[in-house]
Amino acid sequence: MLDKTFDPKTAEPRLYARWEASGAFSPTDDPSAEPFSVVIPPPNVTGSLHIGHALNNTLQDVLIRFERMRGKAALWLPGTDHAGIATQMVVERQLAAEGNIGRRDMGREAFVERVWAWKAESGGTITRQLRRLGASCDWSRERFTLDEGLSAAVRKVFVTLHKQGLLYRDKRLVNWDPHLQTAISDLEVEQREVDGHFWRFAYPLEDGSGEIVVATTRPETMLGDTAVAVNPKDERYAHLVGKRVRLPIVGRLIPIIADDYADPEKGSGAVKITPAHDFNDFQVGKRHGLEMINILDDFGRISDAAPEAYRGLDRFVARKKVVAEFEALDLLRGVDPTRHVVPHGDRSGVVVEPYLTDQWFVDAATLAKPAIAAVEDGRTVLEPAAWSKTYFEWMRNIEPWCVSRQLWWGHRIPAWYGPDGAIFVEETEAEAQAAAAAHYGAETPLRQDEDVLDTWFSSALWPFSTLGWPDETADLKRFYPTHTLVTGFDIIFYWVARMMMLGLHFTGEAPFRRVFFNALVRDAAGKKMSKSKGNVMDPLDLIDTYGADALRFTLTAMSGQGRDIKLSTQRIEGYRNFGTKLWNAARFCQVNGCVRAGGFDPSAVKGAVNRWIVGETARTAGAVTEAIAGCSFDEAANLLYRFIWNTFCDWDVELSKPVLNGADADAQAETRATASWVLDVILRLLHPVMPFLTEELWDQTADLGAARAEPLLMAARWPDLSALAPDAAAAAEVGLVIAAIAEGRSVRSELNVPLGARPPLLVVEADPAQAAVLAAYAPVIGQMLRVSEVRVEASAPTGAIPYVVQGATLALPVAEFIDLAAEKARLSKEIAGLAATAEQTRRKLDNPDFVARAPEEVVEENRERLAEVEAARERLQSALARLT
């Protein structure tokens with residue numbers, strides 16, 4: 001017999017160990033099975049499971065368990081990312097804590113060895129946590145981006161791209177982190193709003209005839225100015241274009257140029273151009289052939305390119321000195337306070353500088369063309385479809401991709417330098433030495449590039465490098481291209497687009513047939529979770545409290561395409577109660593002897609309730625199958641919820657009780673077998689979303705009746721009930737009874753009829769068949785609707801509340817239990833209050849200023865409130881109409 005409750009804390013580790021030991025996470029060896037592969041977005045090896053991971057991996061697991069049960073060779077390939085900056089910082093902090101040791105004190109080789117030691121000890125944290133979530137990855141194929149096989153793929157791709165002219169070394173602007181002393185990607189830049197100033201500086205014209213005023217929030221960068229730009233349509237400055245100004249402090253003569261970048265409506269209409277320290281200015285500089293002067297060093301200090309008095313100063317100290325000197329020269333024309341966005345390194349926390357430096361770049365524009373075509377022609381489908389527009393806009397305006405990083409942990413760039421600066425790019429040092437010998441005519445000492453590759457470079461190869469490329473492995477032939485990628489939309493540029501580019505370039509095929517972008521998880525108020533706000537929800541704590549299944553079902557049910565998830569513990573608790581409801585229904589089946597019957601044929605049942613539930617089960621199975629296959633995860637979860645809680649537990653179980661407690665042995669046997677069959681189908685359908693609870697129920701009911709073919713539910717076949725046609729007659733019969741009870745309950749609830757009151761249910765107007773059905777089900781209607789009897793009456797007496805179901809008019813005489821006049825007054829008052837609330841909310845939403853200025857989550861909350869208020873008002877108006 002089942003325990004009274006399901007205990008996740010003891011069941012989950014036991015069940016997961018059983019799954020993993022069974023080998024069921026690996027794809028079937030059956031060569032006729034259709035391959036279905038998913039690669040995990042590799043979490044950082046430094047990471048711990050956060051709520052975003054929980055959502056993303058739950059949806060992947062739902063999909064992979066579903067396709068595995070459908071008989072496909074389902075592979076979910078796991079792994080972790082070496083996470084260059086994040087991992088290096090973890091180990092550097094450890095070294096500092098151990099005695100203020102720096103990596104440069106240790107040397108490169110010893111430091112990298114120390115990082116590998118850290119990875120061996122602590123790098124498996126997140127994969128252990130994914131197991132707690134129930135992730136059914138094929139751990140036997142787990143990969144790491146610094147595995148030798150993946151590293152060989154990285155070297156081959158780098159060298160091939162270089163030989164094809166698609167990867168090159170160049171001096172360009174990058175996001176530079178002066179603390180970490182490395183280039184970082186846009187994803188590692190955090191835009192923070194800070195208080196600052198606009199300083200207005202006067203630059204004197206060379207001929208002494210006047211001045212031109214520019215404004216800046218970064219005064220120190222004026223030391224690297226090489227032009228002043230005005231708009232070619234700005235008549236105020238037309239006469240100055242082509243003239244020069246003398247740059248104060250520096251003394252350099254710089255031109256006044258005409259460029260559309262200058263906005264006549266902004267400030268003075270003239271802008272200083274510092275090509276080496278501003279991304280927009282860099283483009284202006286390229287258009288006009290301007291000199292690019294880098295006035296900073298790697299640490300953010302003023303370089304030797306600036307006047308001697310500034311050299312070596314910290315950039316912010318230099319800022320104050322520049323302002324003071326302009327003021328002393330009487331060239332400061334004003335200071336305006338402003339609040340503006342300043343880029344910061346998301347890990348270091350320091351202000352990031354646009355910085356001109358030598359880096360390795362990939363020709364992303366060339367690689368993007370086939371990746372654009374693959375989405376345009378449908379070889380890869382992006383869902384929700386709205387993300388296609390974002391993808392196209394970015395890909396069609398893509399900039400060169402900086403792939404080098406000034407770190408020690410990562411894939412070291414396979415490039416070697418000769419004594420004269422010649423570069424030899426090869427997969428191995430031996431090949432580079434051979435190339436150098438051919439170039440110089442003799443063996444020549446070489447120096448390998450100190451930089452490592454951007455983590456996104458190796459991650460871009462993930463779908464095919466993890467399957468063994470460049471070798472033609474069995475896994476690569478069978479599982480590439482992969483089928484579905486489930487990922488967050490925030491890395492559509494950094495990861496998805498780059499996987500598309502390199503996958504197509506090196507394999508000739510797009511790496512995915514479909515990319516599904518999941519939503520973001522926010523707190524219950526719709527706010528982004530952050531440690532500083534104190535609203536972070538730890539998935540491991542939630543699993544400890546509510547069980548993995550409750551968290552998984554919550555995330556799945558709320559994962560509507562394109563919608564943020566407002567997560568609350570109340571919702572998780574509610575879905576835990578849903579699991580409890582199913583557990584109790586299974587206990588009910590056990591207590592009532594509902595066991596599997598050998599040879600049971602659901603299409604041959606005779607009882608109306610049984611025919612109805614068989615049809616509803618088949619309909620639900622078809623709808624859930626279609627929803628999961630189409631990545632409509634929330635729809636699948638909500639279909640399951642409604643069917644299990646409402647259709648099966650609330651109605652089928654209750655409607656079956658008179659038969660189970662009756663004297664008809666044949667009807668009892670059929671009802672028991674039907675209930676057991678329905679329960680088995682439910683467990684299969686629900687398993688991808690709630691694997692632990694369903695596996696435990698499958699196991700605990702294994703000895704009831706005819707033996708199952710599959711000892712493990714996760715290895716059971718997905719139910720295909722397409723041959724079972726719904727029984728229209730049974731649906732109409734049972735539907736009438738359900739409607740009579742449900743609508744009668746609404747009447748009682750809306751009019752506050754006491755629970756203990758037991759009025760009769762009057763059948764005022766119905767055809768003979770309907771009257772016969774209501775009479776036949778009178779005992780169960782009496783119990784579930786709390787009525788004394790069901791009887792036919794020619795008309796409803798005064799004080800009876802009528803309602804109509806399926807064309808039949810029923811009535812509940814409740815005048816003796818409630819004050820009808822008082823109820824009318826109460827309903828009228830509540831309706832008026834709701835109308836006022838609705839009008840107030842509607843006015844707010846109709847106000848363009850409110851919609852434009854209020855945070856998005858506040859606007860959405862108001863929309864949701866309006867919908868709820870309108871729905872409540874309609875319900876009360878319906879109740880009032882019944883009274884009048």
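Colleague: I'm looking at the start of helix α17. Which residue caps its N-terminal end?

Modeller: That's Asp-538. Look for a side-chain oxygen beside a backbone nitrogen: here an oxygen of Asp-538 lies 2.8 Å from the backbone nitrogen of Leu-540. Keep in mind that this is a predicted model.

Colleague: And at the other end, what follows α17?

Modeller: Gly-547 does, and its phi is positive, near 95°.

Colleague: Now the middle. Which residues of α17 are buried?

Modeller: To count as buried, a residue needs under 20% relative accessible area. In α17, which runs over residues 539-546, that picks out Pro-539, Leu-540, Leu-542, Ile-543 and Tyr-546. Now look down the axis of the helix: those buried residues fall within an arc of 160°, so they line one face.

Colleague: What does that face pack against?

Modeller: The buried residues of α17 pack against five helices you can click through: α1 (8-22), α2 (51-69), α6 (125-133), α18 (548-557) and α19 (569-591).

Colleague: Let me try the trick on another helix. Which residues of α11 are buried?

Modeller: Good choice. α11 covers residues 387-396, and its buried residues are Ser-388, Tyr-391, Phe-392 and Met-395. Viewed down the axis of α11, they stay within an arc of 95°, so again you have buried residues lining one face of the helix. Their packing partners are the helices α10 (364-376) and α16 (492-507), plus the strand β15 (381-383).

Colleague: What about single residues? Is Asn-518 buried or exposed?

Modeller: Start with the relative accessibility. For Asn-518 the value is 6%, so this residue counts as buried. Asn-518 sits in strand β23, which spans residues 512-518.

Colleague: Which side chain does Asn-518 make a polar contact with?

Modeller: The side chain of Asn-56, at 2.9 Å. Then widen the view to general contacts, skipping neighbours within four places in sequence. Asn-518 touches Leu-55, Asn-56 and Leu-59, and also Val-486, Thr-487, Gly-488 and Phe-489.

Colleague: Where is Ser-303, and is it buried or exposed?

Modeller: Ser-303 is in the loop between α8 and α9 (315-328). Don't judge by the loop alone; check the number. Ser-303 has 13% relative accessibility, and because the cut-off is under 20%, this serine counts as buried. Its contacts beyond four places in sequence are Asn-294, Ile-295, Leu-296, Asp-297 and Arg-311.

Colleague: And in α8, how accessible is Val-284?

Modeller: Val-284 has a relative accessible area of 1%, so it is buried. This valine belongs to α8, residues 279-288. Leaving out residues up to four places away, Val-284 touches Ile-257, Asp-259, Tyr-261 and Ile-273. For a sense of scale, measure across to Val-624: the two C-alpha atoms are separated by 55 Å, with those positions 340 residues apart along the chain.

Colleague: Let's zoom out. How many helices and strands does the protein chain have?

Modeller: There are 29 helices and 29 strands. The C-alpha trace spans about 110 × 65 × 55 Å along its principal axes, and 54% of the 884 residues count as buried.

Colleague: How much of the contacts comes from residues 24 or more positions apart?

Modeller: Take the contacts with a separation of 6 or more: residues 24 or more positions apart account for 78% of them.

Colleague: Last one: where do the charges sit on average?

Modeller: Compare the mean positions. For the 98 positive and 122 negative charges, these are 2 Å apart.

Conventions
Residues numbered from 1 in each chain as written. Predicted model: local features only at pLDDT ≥ 70, side-chain atom pairs only at ≥ 80, totals over all residues. Heavy atoms only, no water. Helix = DSSP H or I, 4+ residues; strand = E, 2+ residues; numbered from the N terminus. Buried < 20%, exposed > 50% of the residue type's maximum accessible area, 1.4 Å probe, protein only. Contact = heavy atoms within 4.5 Å. Polar contact = N/O pair within 3.5 Å; in protein donor to acceptor, adjacent residues only side chain to side chain. Lys, Arg positive; Asp, Glu negative; His and termini not counted. Charge placed at Lys NZ, Arg CZ, Asp CG, Glu CD. Arc of directions from axis to C-beta.
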